[in-house]
Amino acid sequence: MNEVIQPIGYTGDSPIGALDAASIRAAAQRIAPHVRRTPVLRVDGADFAVPGVRLVFKLEFLQHAGSFKTRGAFNSLLTRDIAPAGVVAASGGNHGAAVAYAAMKLGRPATIFVPSVASPAKMEQIRGYGARLEIAGERYNDALLASEKWVAQSGATAIHAYDQEETLQGQATVGLEYEADAPDLDALLVAVGGGGLIGGIAAWYSGRVPVIGVEPEEAPTLTRALAAGEPVDSPAGGVAADSLAPKRVGALMFPIAQRHVARTVLVTDDAIRDAQRALWRTLRIVAEPGGAAALAALTSGAWRPEPGQTIGVLLCGANTTAVDFK
């Protein structure tokens, strides 16, 4: 049984409780009719220039709306009282698409704020799900501030991309599935943006498997937070800026990361692009930069497993049009 993790700011009055094994299982049951149980794929590490190890990819980019974010979006909409004005979200793109999708399926209006750095593919996706799309500023934090003003004006229900209990519990269901389908992992690599995904997964595993965060060098949010002992502002740039570059990690996930994230590693933009190309060349998988970042830690040598190990690599998103199929 996992220990109960009481995040910073937890008041005890949430309808779904703290982030523990029971509440994560309850979230998985709650969202099961609305999300896909994404498969795992076992490959020889030599196929990705990492000989002597086995890789287990979880293909979470096959999720509805193209990323893991759909889990947290549904968990939020299914557990909270939604205002007549509907829901509002700030997003680099994937969370917005997930909230728009969940709102469409549940018959709720949605307004999504994105920064100008969001990819055209993600903007088109959000509009395609029927949400109202607003472009605000250049980076995620600009969109977040704009969404907060809209909440004050409209009374809409805010669905936070990562710093919200319901979101964390939804994302934690990725870990529940991963362990059930690949119980032999020696370590697990997870890309980090605001920390909702790695926070939820690390809470589920609670140290049973080392969970390693992978961040772009130009957006080292969790790395800097762990060094400082608290969430701090960080740069928000790089090729994965639309998915892995908030201003800082969430306050709710941070104590979980302190306890249960084994370490973080940084990867360059070139390494992320190389990982994208390797996925396409070897498996014909199209991953967005944030979705390929975890693999980049291996293919670039930024993190090296021990010979004979079985390493989980979470491929978490594929909302991109940056592929030449000629």
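In this predicted model, D44 stands opposite R54 in strand β2. That pair belongs to the junction of β1 with β2 (residues 54-59), where 5 bridges join the two strands in an antiparallel arrangement. Within the same junction, V40 has K58 of β2 as its bridge partner. On its other flank, β2 pairs with strand β10 (residues 310-315) over 6 bridges, here in the parallel sense. R54 appears again in this second pairing, since it stands opposite T310 in β10. Of the 6 residues of β2, 5 are buried, and the strand is mostly covered.

These pairings are part of an open sheet of 6 strands, whose order is β1-β2-β10-β7-β8-β9 and whose pairing is mixed. The edges are held by β1 (40-44) and β9 (261-267); each has a single partner strand, so one side of each lacks a neighbour in the sheet. From one strand to the next, the twist averages 25 degrees.

The edge strand β1 can be followed further through V40, which lies in it. How accessible is V40? Its relative accessible area is 25%, and V40 is therefore classed as partly exposed. Apart from neighbours within four places in sequence, V40 is in contact with V56, F57, K58, Y178 and D181. The last of these, D181, is 141 residues away along the chain, yet the C-alpha atoms of V40 and D181 are separated by 7.1 Å.

Further along the sheet, β7 (187-191) and β8 run parallel and are joined by 4 bridges. In this pairing, V190 has G213 of β8 as its bridge partner. Strand β8 (residues 211-216) has 6 of its 6 residues buried, so the rest of the structure largely encloses it. The burial extends to both faces: V211, G213 and E215 point one way, I212, V214 and P216 point the other way, and all are buried.

The loop that leads from α6 (165-181) to β7 contains L185. Is L185 buried or exposed? With a relative accessibility of 8%, it falls under the 20% limit and so counts as buried. Setting aside neighbours within four places in sequence, its contacts are V56, Y178, Y205, V209, T310, I311 and G312. By contrast, N94, 91 residues from L185 in sequence, lies 27 Å from it in space, C-alpha to C-alpha.

One of the contacts of L185 is Y205, a buried residue of helix α7. This helix (residues 196-205) is mostly covered, with 10 of its 10 residues buried. Among them are L197, I198, I201 and W204. Just after α7, S206 adopts a positive phi of about 50 degrees.

The interior of the model can also be described through its nonpolar cores. The largest has 69 residues, and those with the most contacts inside it are F57, L189 and V313. Residues up to four places away in sequence aside, F57 touches P39, V40, L41, V43, F48, Y178, L279, L283, L295, V313 and L315. A second, separate core comprises 26 residues, including A73, V114, Y129 and I159.

A73 of this second core is also one of the buried residues of helix α2. In this helix (residues 69-79), 10 of the 11 residues are buried, so α2 is largely enclosed by the rest of the structure. Its buried set includes K69 and R71 as well as F74 and L77. What do the buried residues of α2 pack against? Their partners are α1, β2, β3 (87-90), α3 (94-106) and α6.

The packing of α2 with α1 can be specified in more detail. Two packed helices are described by the angle between their axes and the distance between the axes. Here the axes of α1 (residues 21-31) and α2 come within 10 Å and cross at roughly 90 degrees. The two helices are therefore roughly perpendicular to each other. At their contact, A27, R30 and I31 in α1 meet R71, F74, N75, L78 and T79 in α2. By class, the residues of this contact divide into 4 nonpolar, 2 polar and 2 charged.

Technical notes. Residues are numbered from 1 along each chain as its sequence is written. This is a predicted model: local features need pLDDT of at least 70, side-chain atom pairs count only at pLDDT 80 or more; totals for chains, interfaces and linings use all residues. Side-chain values use heavy atoms; hydrogens and water are left out. Axes are lines fitted to C-alpha atoms, for helices over the stretch in contact, and angles run from 0 to 180 degrees between N-to-C directions. Angles under 35 degrees count as roughly parallel, over 145 as roughly antiparallel, 65 to 115 as roughly perpendicular and the rest as oblique. Contact means heavy atoms within 4.5 Å. Ala, Val, Leu, Ile, Met, Phe, Trp, Tyr, Cys and Pro count as nonpolar, Asp, Glu, Lys and Arg as charged, and the others, Gly among them, as polar. A nonpolar core is a set of buried Ala, Val, Leu, Ile, Met, Phe, Trp, Tyr and Cys residues joined through side-chain atoms within 4.5 Å. Buried means under 20% relative accessible area, exposed over 50%, partly exposed in between (1.4 Å probe, protein chains only). Two strands pair if DSSP finds at least two bridges between them.
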